[in-house]
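This briefing is meant to be read alongside the sequence and the coordinates. Please keep both in view while going through the points.

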Amino acid sequence: QVPLVESGGGLVQAGGSLRLSCAASGSIFSVNAMGWYRQAPGNQRELVATITSGGNTNYADSVKGRFTISRDNAKNTANLQMNSLKPEDTAVYYCNMIVYSSFGLRNYWGQGTQVTVSS
């Protein structure tokens with residue numbers, strides 16, 4: 001398996017910023033798409049942002065202009081810079097990667113990191 005380890009969550013006031021990171025480790029040949037998803041209590045998991053291996057990005061309308069996804073292919077990491085945070089951004093954020101490794105091509109999820117935005 002390829003573990004994804006997330007970091008950077010926490011508590012922040014509205015208008016503040018947080019940066020999430022996600023690192024994949026193991027016998028990795030390449031990583032295709034990377035993405036961040038979130039799930040608030042009582043809600044379904046939803047897409048926040050994705051980035052392809054070529055650097056093309058896609059964002060949920062609710063975060064456009066405030067969040068920026070990036071990746072470091074050499075380190076197999078994905079980052080999510082979150083600015084101008086709002087209370088409605090409060091959720092558990094999950095990293096997702098499509099990884100080609102010694103285990104084949106598989107879809108992996110991180111364990112989730114809590115982001116709480118206070119008003």
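The notes below cover the nonpolar core, the aromatic pairs, the charges over rings and two single residues.

This is a predicted model, in which local features need pLDDT of at least 70 and side-chain atom pairs count only at pLDDT 80 or more, while totals for chains, interfaces and linings use all residues. Residues are numbered from 1 along each chain as its sequence is written, and side-chain values use heavy atoms, with hydrogens and water left out.

**Nonpolar core**

- The largest nonpolar core (a set of buried Ala, Val, Leu, Ile, Met, Phe, Trp, Tyr and Cys residues joined through side-chain atoms within 4.5 Å) has 32 residues, of which Trp36, Leu80, Met82, Tyr93 and Met97 touch the most other members.
- Two or more residues of this core come from each of β3, β4 (28-39), β5, β7 (67-72), β8 (77-82), β9 (91-101) and β11 (113-118), where strands are DSSP runs of E of at least two residues, numbered from the N terminus.
- The strand that gives the most to this core is β9, with five residues.
- Beyond its neighbours within four places in sequence, Met97 is in contact (heavy atoms within 4.5 Å) with residues including Leu4, Cys22, Val31, Met34, Ala78 and Tyr108.

**Aromatic pairs**

- There are two aromatic pairs, counted when ring centres of Phe, Tyr and Trp (its six-membered ring) lie within 6.5 Å, with planes under 30 degrees apart taken as stacked, over 60 as edge-to-face and the rest as tilted.
- Phe29 and Tyr100 form an edge-to-face pair, because their ring centres are 5.2 Å apart and their planes stand at 65 degrees; Phe29 belongs to strand β4 and Tyr100 to strand β9, 71 residues apart.
- Tyr37 and Trp109 also pair edge-to-face, at 5.1 Å centre to centre and 65 degrees between the planes, and this pair ties together strands β4 and β10 (residues 104-109), in parts that are 72 residues apart in sequence.
- Phe29 is exposed, with a relative accessible area of 54%, whereas Tyr100 is partly exposed at 39% (buried means under 20%, exposed over 50% and partly exposed in between, with a 1.4 Å probe and protein chains only).

**Charges over rings**

- Arg45 lies over the face of Tyr94, at 3.7 Å from the ring centre, and over the face of Trp109, at 4.7 Å, where the rule asks for NZ of Lys or CZ of Arg within 6 Å of the ring centre and within 35 degrees of the ring normal.

**Two single residues**

- Thr50, in strand β5 (residues 46-51), is buried at 19% relative accessible area.
- Ala14, in the loop between β2 (10-13) and β3 (18-24), is partly exposed at 42% relative accessibility.

Key
Helix = DSSP H or I, 4+ residues; strand = E, 2+ residues; numbered from the N terminus.
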